[in-house]
Amino acid sequence: MPVLLAQESYTTLSNRLNELAKSKPELQETVRVDLSGLTLYDFITTLAEEHKINVSVSTDLNEIVRSNFFDLNIKDVFLFLVKKYDLEVEIINNIIVFKKKPQEVFIEPPKPPKKIDVTYNELNDFLSVKLRNDSLPRVAKAITDVSGKNIVLSPDVKTDLISAYILNRPFDQVLDLMAKSNNLSFVKDEDNNYYFQRGTGNTIESSSVNNKRNLNFSQNNNQTNTGFQIQKNKNGFLDVIAYNANVASVIKEAARELNVNYFMYDSPENIQATLEAKGLTFDMLLTHLFKGEKFTYKNIDNLYLIGEHQTQGLRYTELIQLENRTIETVLNTLPKAVVQDVDIKEFSELNGFVVSGSKINIKEFKDYIREIDRVVPVIQIEVIIVQYQKSYEIQTGIQAGIDNKERTTSGQLFPSTNMNLNSSSVNNLIDAFNGLGIVNLGKVTQQFYLNLQALENNSLINVSSTPKLVTLNGHEASSSIGETNYYFEQNNRLINSGINDNILQSGTWKATEANLSINIKPLVSKDENVTLTVSVEKSSFLGRAGENAPPGKSTQKFESMIRVKNNEMVLLGGLDELDNENSGTGTPLLSRIPIIKWFFSSRSKRKEKSKLHIFIKPTVIY
């Protein structure tokens, strides 16, 4: 017959296996196993198959076995597995059956019925009820017990749950309010019996209020149809419905529901609120009730302090740091409504603001800061400046004269001609011509000199520079290339000593610059198009009026606003400059006769052209 060993002790099982080992010596064989990652079912079946032991293993033994066995007999291995994994074992003849031990079912004892909180004052016929999702039949029984007045229920309302919170009001008035707030009505007969039924009139019409979730109403001398209902749901949060309810009363009831400690420095008795919300914490309720009001709260060691914003002890101080941008210029852009009720100090070392004020106002300030705390794009602006200059100049002429200076013959013949001849050289040249024909020229005086000039100059200059500018969105970037000249500024001051007038001279060297400057201000839009405000100014030096006079300066400037796609290049129109000069001097009449005029005049012809091109390529970097 099978021997059932379910629920037997570990010692009893060990004895039974020892008894079985007498007929099955394989149970005494030793094994050496290193297990990791094998299920309990696979391990027992594999071990039994290897040693010819009859076993039956339940397939739901899927626990992972991780153990090391060295020179341990199989019987002890089985005992170890039974104890560690809490298995149930049956031995049927020579078959060992392994299966999971059935789970013990624990039946929780029934909770005692909730006490119905109803009180009645027989002297003034006042009734008080404190109900929250209580069974209507039990409520009717409790009222009947304390008042002695019979309350009869219609069959269709005997399963209803009702809620009401009404203190010290006349009996009939309490029943009327309780019925209305739970979508019920009642009839009173001549024997003072009350019959409750499903209400068809004088009910609260609200799509969110039904027979299982109703509104508590209170009355006073000044207002009716006002009140609130607060319930603590199964998750420990508040479900609140209130219509023109007194805020102080709502706070007191909410604190009672959540068992919260509070202290009111100033009571918000004159504030009314209307709301319907589920799943509120006490902090969330206070935040919504005080929004837009002069009241606030503070939680210190689970004690809520309630009062006006300026009440000592209710102010918070908090450091609010920016993560994605700097605090520069932020304070000046804050709306007046955000900063008027808080004290704000910049803390540049930590890139944040130290804010002091009520918790609600600080939260509003923090929400605004978080909204503007975005990554400011960085724009890399690649600028290619190409400056092109082309000039052409011709100077020709003969200059002759007489002076008392001692001159020598000098100058250059090729590739340009610029010769200075003294009287001896000119006479030698005349002697060379006199022997060639009938023309015989006379000698020149010793003070005579002659200058010969024939010069042609062509130049082409192409200057290119590629500065790269990096700036934040909305901030200006600039680049300047140029040169500096100095001039002497002299100051004369007359000193009157009473005898002689003396002039005191002094002066300083001053600098003046001629630059090619570029100023660019980028603004990145949401679609990553870049609006560029570009200002370009080019200045160059002219000649000086005197040795120590400041140099003249010419200036060219243009401004432009353009829109460019990210990583695209735009060409700004060049600054063009054209300079033409054609001048000459000579002897009257003779300087106009063809061929002869070259010996009696000096001419200069010059043409200079310059262009400036600017290429701009913005690249947005986040």
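Let's start with who touches whom: among contacts in the protein chain between residues at least 6 apart in sequence, 63% join residues at least 24 apart. Keep in mind that this is a predicted model.

Here are some overall values for the chain.

| Feature of the protein chain | Value |
|---|---|
| Helices | 11 helices |
| Strands | 34 strands |
| Residues that count as buried | 35% of 622 residues |
| Exposed area | about 38,400 Å² |
| Share of that area from carbon and sulfur atoms | 49% |

Now let's zoom in on one helix. Which residues of helix 5 are buried? Helix 5 covers residues 171–181, and its buried residues are Phe-171, Val-174, Leu-175, Leu-177, Met-178, Ala-179 and Ser-181. Here's a handy bit of background: an α-helix has 3.6 residues a turn, so residues three or four places apart point the same way. Try spotting that spacing in the list of buried residues. After helix 5 comes Asn-183, and the phi of Asn-183 is positive, near 60°.

Next, have a look at the surface. Four lysines, Lys-390, Lys-605, Lys-607 and Lys-609, form a positive patch there. Which strand gives this patch its largest share? That's strand 34 (residues 601–621), which supplies 3 residues. Lys-607 sits in strand 34. Is Lys-607 buried or partly exposed? Lys-607 has a relative accessible area of 45%, so Lys-607 counts as partly exposed. Patch residues need over 30% relative accessible area, and the 45% of Lys-607 fits that cut-off.

How values were computed. Residues are numbered from 1 along each chain as its sequence is written. This is a predicted model: local features need pLDDT of at least 70, side-chain atom pairs count only at pLDDT 80 or more; totals for chains, interfaces and linings use all residues. Side-chain values use heavy atoms; hydrogens and water are left out. Helices (H or I, at least four residues) and strands (E, at least two) are DSSP runs, numbered from the N terminus. Buried means under 20% relative accessible area, exposed over 50%, partly exposed in between (1.4 Å probe, protein chains only). Contact means heavy atoms within 4.5 Å. Accessible areas come from the Shrake-Rupley method with a 1.4 Å probe; for residues, only the protein chains shown count as cover. Patches are made of residues with over 30% relative accessible area and no salt bridge: like charges are joined within 9 Å, nonpolar side chains (Val, Leu, Ile, Met, Phe, Trp, Tyr) within 5 Å. A salt bridge is a side-chain nitrogen of Lys or Arg within 4 Å of a carboxyl oxygen of Asp or Glu. Lys and Arg count as positive and Asp and Glu as negative; His and the chain ends are not counted. The place of a charge is taken as NZ of Lys, CZ of Arg, CG of Asp or CD of Glu.
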